[in-house]
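Colleague: Could you take me through one part of this model slowly, as if I were new to reading structures? I'd like a close look at a helical part and at what sits around it.

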Amino acid sequence: MHYPIGLLFDLLASSSALPWNITVHFKSFPEKDLLHCPSKDAIEAHFMSCMKEADALKHKSQVINEMQKKDHKQLWMGLQNDRFDQFWAINRKLMEYPAEENGFRYIPFRIYQTTTERPFIQKLFRPVAADGQLHTLGDLLKEVCPSAVDPED
């Protein structure tokens, strides 16, 4: 199973040292051990696909569809080059909470887990309860992963 590098760091890192040594292969790529990305373009396409999926859940794809190709490129280049201001100038639009529509339709999330045969949990989750009360992260965890939450909270 292939997990995002940030997740692996969170799962394996200690406060004193990195959890792994990285070996860069220039020949004989270990195809059976690692997922081989054919190009930077494939990684960019995957990233944009995830952004579109999240926008579909939050805004019915209205925000990402109104963006121009240069906006998509700026979002990606800001992320790739670790330039927060460049990234946030575009990402801010995806994070705006449309008050006139009572906010986001759903909250996009994916919980990775290593303790079961299912590699991750992903389902529709509304940010507001039927009674109008705003949901919290704790509410989401209680619904989708109750064993992760202390019942006394």
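Modeller: Sure, here is a walk through the helical stretch, followed by a shorter stop further along the chain. Keep in mind that this is a predicted model.

Let's start with the borders. A UniProt record, an unreviewed entry, lists residues 40-96 as "domain: Autophagy protein ATG5 alpha-helical bundle region". In the model, that span is 86% helix and 0% strand. From one end to the other, its C-alpha atoms lie 29 Å apart.

Two helices are good to find here: H2, which covers 40-59, and H5, which covers 84-95. When two helices pack together, people describe them by the angle between their axes and by the distance between those axes. For H2 and H5, the axes come within 10 Å and cross at roughly 35 degrees. On the H2 side, the contact is made by Phe47, Met51, Asp55, Lys58 and His59. Facing them from H5 are Phe87, Asn91, Lys93, Leu94 and Met95. Sorted by class, this contact of H2 with H5 has five nonpolar, two polar and three charged residues.

Now, which helices each supply at least two residues of the lining of the second largest pocket? They are H2 and H5 again. The pocket has a volume of about 220 Å³, and 13 residues line it. H2 gives the largest share of that lining, with seven residues. If you want to find the centre of the pocket, look for Met51, Ala54, Phe87, Asn91 and Met95, which lie nearest to it. The lining is made of nine nonpolar, two polar and two charged residues.

Asn91 is worth a pause. Asparagine 91 sits in helix H5, and its relative accessible area is 8%, so it counts as buried. Apart from its neighbours within four places in sequence, asparagine 91 is in contact with Met51 and Leu75. Met51 is one of the H2 residues in the contact with H5, and also one of the residues nearest the centre of the pocket.

Next comes helix H4, residues 69-80, where you can find aspartate 71. Is aspartate 71 buried or exposed? It is buried, because its relative accessible area is 9%, and the cut-off for buried is under 20%. Setting aside neighbours within four places in sequence, aspartate 71 is in contact with Ile90 and Lys93. You have met Lys93 already, as one of the H5 residues in the contact with H2.

Between H2 and helix H3 (62-66) there is a loop, and lysine 60 is found in it. Serine 61 lies in that loop between H2 and H3 too. Most residues other than glycine have a negative phi. Lysine 60, however, is not a glycine and has a positive phi of about 60 degrees. Serine 61, also not a glycine, has a positive phi of about 65 degrees. What about their surroundings? Lysine 60 has 55% relative accessibility, so it counts as exposed. Serine 61 has a relative accessible area of 19%, so it is buried, given that the cut-off is under 20%.

From serine 61 we can jump to threonine 114: the two are 53 residues apart in sequence and 31 Å apart in space, C-alpha to C-alpha. Threonine 114 is in the loop between strand E1 (111-112) and strand E2 (120-121). With 54% relative accessibility, threonine 114 counts as exposed. Leaving out neighbours within four places in sequence, threonine 114 is in contact with Tyr3 and Leu11.

That brings us to another stretch with a UniProt label. The record, again an unreviewed entry, places "domain: Autophagy protein ATG5 UblB" at residues 106-149. Over those residues, the chain is 18% helix and 9% strand, and the end C-alpha atoms are 21 Å apart.

For a last stop, take leucine 140 in helix H6, residues 137-144. Leucine 140 counts as buried because its relative accessibility is 7%. Which residues does leucine 140 touch, not counting those up to four places away in sequence? They are Phe109, Ile111, Phe125 and Cys145. Phenylalanine 109 is 31 residues away from leucine 140 along the chain, and their C-alpha atoms are separated by 9.5 Å.

Conventions: Residues are numbered from 1 along each chain as its sequence is written. This is a predicted model: local features need pLDDT of at least 70, side-chain atom pairs count only at pLDDT 80 or more; totals for chains, interfaces and linings use all residues. Side-chain values use heavy atoms; hydrogens and water are left out. Helices (H or I, at least four residues) and strands (E, at least two) are DSSP runs, numbered from the N terminus. Buried means under 20% relative accessible area, exposed over 50%, partly exposed in between (1.4 Å probe, protein chains only). Contact means heavy atoms within 4.5 Å. On a 1 Å grid over the protein atoms alone, a cavity is a set of points where a 1.4 Å probe fits but cannot get out, and a pocket is an open set with protein on both sides within 12 Å along at least five of seven lines; lining residues have an atom within 4 Å of a point. Grid points are joined across faces, edges and corners, and a volume is the space filled by probe spheres set on the points. Ala, Val, Leu, Ile, Met, Phe, Trp, Tyr, Cys and Pro count as nonpolar, Asp, Glu, Lys and Arg as charged, and the others, Gly among them, as polar. Axes are lines fitted to C-alpha atoms, for helices over the stretch in contact, and angles run from 0 to 180 degrees between N-to-C directions. UniProt positions are given in the numbering used here, feature names are shortened, and annotations may be inferred rather than shown by experiment.
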